[in-house]
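Colleague: Could you take one part of this fold and walk me through it closely, strand partners and surroundings included? I'd like the long version, with the rest of the chain as background once the close-up is done.

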Amino acid sequence: MPVEDTSTVSYLLFADDHEDMRLMVRDVLQSAGHEVALAPDGLSALAAAQAREPDLLILDLAMPGMTGVEVTRAIKANPFTSHIPVLLLTAQAEVEDRVAGLDAGADDYLAKPFDPRELRARVVALLRLVRREADRNPTSGLPGGHAIEEELQRRIALAKPFALCYLDFDNFKPFADTFGFAVADQAIRRFGASIRGVLSEGEFEGDFLGHVGGDDFIVICAPNRVELVAHECANQLRKVVGELLSEEVMESGTFRGTSRDGEVKDYPIATLSTAILVVRPERWVSVQHLGTLAADVKRRAKQRGPGSAILEHV
């Protein structure tokens, strides 16, 4: 079964701790025209993906040292590798295992034993999706992962400091669970459109807005504007959510939701955790390195509490 775009060879990375499975999958996918690299465990797969970004990452769920779920979570936590599609393969067909993989960010799931034809079909479908959405996020219509990377490289080529503002909705999952997916989806769409409108005029004109996926957005701008940008983004989120929810809910300032651990508690409404990184071109390493730093700063901002922001020079 040939790949759809014969002018482009897709690079696939497959990790499984069983050699026979690695060789079988390699043969199936190579026969479909793909370039295939193999890794014997999760740690090796993560290192290989960081050394050369695959078009698709295929992971066994149960591997020693680092599971497929853990590798998926690490890949998806970095805003500049989060666009890499992940297909999980596993002999564990329990619903809990599938939910754990999808919750970590996996894009698809295939239980063993599987028909090679189904594996090829799943791979083609994921690659088709990636190619169609490579430059635009399908939810917001904003530039996606590849376009963000290109903008970063363009800024580095200018040899001038710039700032990256990494925005993440606080408590988005309980928000979606409480008010419904339709409202949550509209919040993302409208927030993206609102920020795009703000950045298209006045002192913000020329700043770059990208949507890395889910509830994560990135603004790239001049260092002297980044704190103002972050403040304006927080204002716009509250405005957008206020248009979607009742006045009574907004005035209360909180909503009652359920955490991932099943705990029912009150959450603040419409806040952003923000990682602000001021980048100096002479200290540039790579896009992925910047993504790792941004993910760490965002994590620490979230630990401080909803609505927190941290600024660091890198």
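Modeller: Let's go straight to one pairing: Tyr166 stands opposite Ala275 in β11. That's a predicted model talking, so take the whole tour in that spirit. The Tyr166 pairing belongs to a longer run, since eight bridges join strand β6, residues 162-169, to β11, and the two strands are antiparallel. β11 has a partner in β12 (residues 309-313) as well: five bridges join them, this time in the parallel sense. Within that pairing, Val278 stands opposite His313 in β12.

Now look at β11 by itself. The strand covers residues 272-279, and eight of its eight residues are buried. In a regular strand, side chains alternate between the two faces of the sheet. Here Leu272, Thr274, Ile276 and Val278 point one way, Ser273, Ala275, Leu277 and Val279 point the other way, and all of them are buried. In other words, cover is found on both sides of β11.

The link from β11 to β12 deserves a pause. Helix α11, residues 287-304, sits between them in the chain order of the unit, and β11, α11 and β12 together make a left-handed β-α-β unit. Keep that handedness in mind for when we get to the N-terminal end.

What does a single β11 residue see around it? Take Thr274, which lies in this strand. Its relative accessible area is 4%, so Thr274 counts as buried, the cut-off being under 20%. Leaving out neighbours within four places in sequence, Thr274 is in contact with Cys165, Tyr166 and Leu167, with Ala230 and Ala301, and with Ser308, Ala309 and Ile310. Tie that back to the strands: Tyr166 is the residue opposite Ala275, β6 spans 162-169, and β12 spans 309-313. Ala301 falls in the range of α11, 287-304.

Cys165 on that contact list brings up the cysteines. How many disulfides does a search of the whole structure find? Zero. Cys221 is in none, and the nearest cysteine sulfur, that of Cys165, is 6.8 Å away. Cys233 is in none either; again the nearest cysteine sulfur is that of Cys165, this time at 5.7 Å. A disulfide here needs the two sulfurs within 2.5 Å, so neither distance qualifies. As for exposure, Cys221 is buried, with a relative accessible area of 0%, and Cys233 counts as buried at 2%.

From β6 you can also step over to helix α7, residues 172-179, where Phe172, Pro174, Phe175 and Ala176 are buried. The cover over the buried residues of α7 includes β6, α8 (181-199), α9 (226-244), β9 (254-258) and β10 (264-268). Just after the helix, Gly180 takes a positive phi of about 100 degrees.

Now the N-terminal end I promised. Strand β1, residues 11-15, has five of its five residues buried. Tyr11, Leu13 and Ala15 are on one side, Leu12 and Phe14 on the other, and both faces are covered. Five bridges join β1 to β2 (residues 35-39), which run parallel, with Ala37 as the bridge partner of Leu13. The chain gets from β1 to β2 through helix α1 (residues 19-30), and this β-α-β crossover is right-handed, whereas the unit of β11, α11 and β12 is left-handed. β1 also pairs with β3, residues 56-60, in the parallel sense over four bridges; there, Leu56 is the bridge partner of Leu12.

For a spot with some exposure, try Gly105, in the loop between α4 (95-103) and β5 (108-111). Gly105 is partly exposed, at 24% relative accessibility. Beyond its sequence neighbours within four places, Gly105 is in contact with Thr72 and Lys76.

Finally, zoom out. The chain holds eleven helices and twelve strands, and buried residues make up 50% of its 314 residues. Of the contacts with a separation of 6 or more, 68% join residues 24 or more positions apart. The radius of gyration is 20 Å, which agrees with the value near 20 Å for a compact globule of 314 residues. Along the principal axes, the C-alpha atoms fill a box of roughly 60 × 50 × 35 Å.

Methods. Residues are numbered from 1 along each chain as its sequence is written. This is a predicted model: local features need pLDDT of at least 70, side-chain atom pairs count only at pLDDT 80 or more; totals for chains, interfaces and linings use all residues. Side-chain values use heavy atoms; hydrogens and water are left out. Buried means under 20% relative accessible area, exposed over 50%, partly exposed in between (1.4 Å probe, protein chains only). Two strands pair if DSSP finds at least two bridges between them. A crossover is right-handed if, with the strands pointing away from the viewer, the path from the first strand over the helix to the second runs clockwise. The radius of gyration is taken over C-alpha atoms; the globule rule is 2.2 Å times the number of residues to the power 0.38. Contact means heavy atoms within 4.5 Å.
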